[in-house]
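Let's take a friendly walk through this structure, one region at a time. Keep the 3D view open and turn it as you read.

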Amino acid sequence: MKKQIAILGSTGSIGTQALQVIEEQSDQYEAYVLTANNRVEELIAQARKFKPEAVVIANETKYAQLKEALADLPIKVYAGTDAICQIVEDSEIDIVLTAMVGYAGLKPTMNAIRARKPIALANKETLVVAGELINDMARLSGTPILPVDSEHSAVFQCLAGELGNPIEKVILTASGGPFRNCTMEQLATVTKAQALKHPNWDMGAKITIDSASMMNKGFEVIEAKWLFGVLPDQIEVVVHPQSIIHSMVQFEDGAVKAQLGMPDMRLPIQYAFSYPQRLKASFPRLDFKMCTNLTFEQPDTTRFRNLALAYEALHKGGNMPCIVNAANEVVVAAFLRDEISFLGMSDVIEKAMSIVSFVAKPEYEDYVATDAMTRRIAQELIK
């Protein structure tokens, strides 16, 4: 029996690469559900090629166009965010890949966990916003959460066969982004076009800006706490510009295990789908003859304050990571509209952290309220 995959966010970078994995491993997997936010033309093309059981477009104004374009195919067509939340509960689905961008991925992930669907987690904001809640839900339902981020997948792979051996330290690698060697003066004049040019990875606009500001790495630090049960002080970030070592784990005896490979997201996506097995794939191989210079350096949290702000939020806990995430989503969108400077993004996030009401033991409703309040305050701060 082929595994039936629901891809939430199929038109984004992770979603399109997941479909490449499904296409290559067509004897193993089928796309059962595809969802998109706004990219209706891309969703139509995917649906016609992969012929899923159902498609969902979050933007309800695109429903008629989607429905008409697929009228000749036996594909169920839905629209709206509620439909995405409901479709993940379908009994035929074997695994849900959460590749939606931002806070929007939280509720569908929660519904999938309640329905006991294994989660291939590519939406890092889910654990950033509500890590404790998600972990509790997953534990109670017995639902596995399989990391898709290259760094967390690397740690996950390093831990295979290490059951019962305590982790001393998780070491997350970071490329350093396009501005690794820039001065504060240069960072003050960074443009959107410059920030969207990542040296190693091809990703969507939001995550590319997050990588350039190192907020993406900050989010990964927060995720690592919930995925691997470690304390904030056990999570270290190391800048590794070549992006060959995807992350490492140090054990109590001092041994360090690393996972290496080419910067290709299809490998961690496939590993999440196939775990605990590995399937033969055509992905590019690492050629050590061409890989003669692996370097490491400490991140600069003065120039890249977002990483320090993420650590601060993690140490404080409660709804503070939710505040950071919401403020970050607002400032990144503003930066992409040329409404705020590159360094100004960190200023707004830091101010929001001091203004929004802190909740030490948040419930789901607290996260919803915190997200809404933070977005309003961040917008006002930008103005």
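Helices and strands here are DSSP runs, numbered from the N terminus, with at least four residues for a helix and at least two for a strand. Please keep in mind that this is a predicted model.

With those labels in hand, start at the second largest pocket, which has a volume of about 330 Å³. Its lining counts 19 residues, and Leu 267, Arg 278, Ala 281, Phe 283 and Arg 285 are the ones nearest the centre. Two elements, β11 (256–260) and α12 (266–274), each supply at least two residues of this pocket's lining. Of the elements, α12 gives the most, with four residues. Sorted by class, the lining of the second largest pocket has nine nonpolar, six polar and four charged residues.

Now look for enclosed space. The structure holds two cavities of 30 Å³ or more. The largest cavity has a volume of about 70 Å³. Of the 12 residues lining this cavity, His 246, Gln 259, Asp 264, Leu 267 and Pro 268 are closest to its centre. You have met Leu 267 before, among the residues nearest the centre of the second largest pocket. Helix α12 returns here too, since α7 (150–158) and α12 are the elements that give two or more residues to the largest cavity's lining. Here the largest share, three residues, comes from α7. By class, the lining of the largest cavity divides into five nonpolar, six polar and one charged.

The second largest cavity has a volume of about 40 Å³. Around this cavity you will find Ser 213, Arg 303, Phe 304, Arg 305, Asn 306, Phe 342, Leu 343 and Ser 346. The elements giving two or more residues to that lining are α13 (305–316) and α15 (342–355), and α15 has the largest share, with three residues. In this lining there are three nonpolar, three polar and two charged residues.

Ser 213, one of the residues lining the second largest cavity, also leads us to a helix pair. Two packed helices are described by the angle between their axes and the distance between the axes. How do the axes of α10 (residues 205–213) and α11 (residues 215–228) cross? They come within 5 Å and cross at roughly 90°, which makes α10 roughly perpendicular to α11. On the α10 side, Lys 206, Ile 207, Asp 210, Ser 211 and Ser 213 take part, and they meet Met 215, Asn 216 and Phe 219 in α11. This contact has three nonpolar, three polar and two charged residues.

Lys 206 provides a link to the next stop, Glu 329: the two are in contact. Glu 329 is found in helix α14 (residues 320–336). Is Glu 329 buried or exposed? Its relative accessibility is 16%, so Glu 329 counts as buried, the cut-off being under 20%. Setting aside neighbours within four places in sequence, the contacts of Glu 329 are Gly 102, Tyr 103, Glu 125, Lys 206 and Arg 375.

Finally, turn to helix α5 (residues 106–114), which is mostly covered, with seven of its nine residues buried. Those buried residues are Leu 106, Pro 108, Thr 109, Met 110, Asn 111, Ala 112 and Ile 113. Just after α5, look at the backbone of Arg 116, where phi is positive, at about 60°.

Terms used
Residues numbered from 1 in each chain as written. Predicted model: local features only at pLDDT ≥ 70, side-chain atom pairs only at ≥ 80, totals over all residues. Heavy atoms only, no water. Axes fitted to C-alpha atoms, helices over the stretch in contact; angles between N-to-C directions. Parallel < 35°, antiparallel > 145°, perpendicular 65-115°, else oblique. Contact = heavy atoms within 4.5 Å. Nonpolar A, V, L, I, M, F, W, Y, C, P; charged D, E, K, R; others polar. 1 Å grid on protein atoms, 1.4 Å probe; cavity = no way out; pocket = protein on both sides within 12 Å on 5 of 7 lines; lining within 4 Å. Points joined across faces, edges and corners; volume = space filled by probe spheres on them. Buried < 20%, exposed > 50% of the residue type's maximum accessible area, 1.4 Å probe, protein only.
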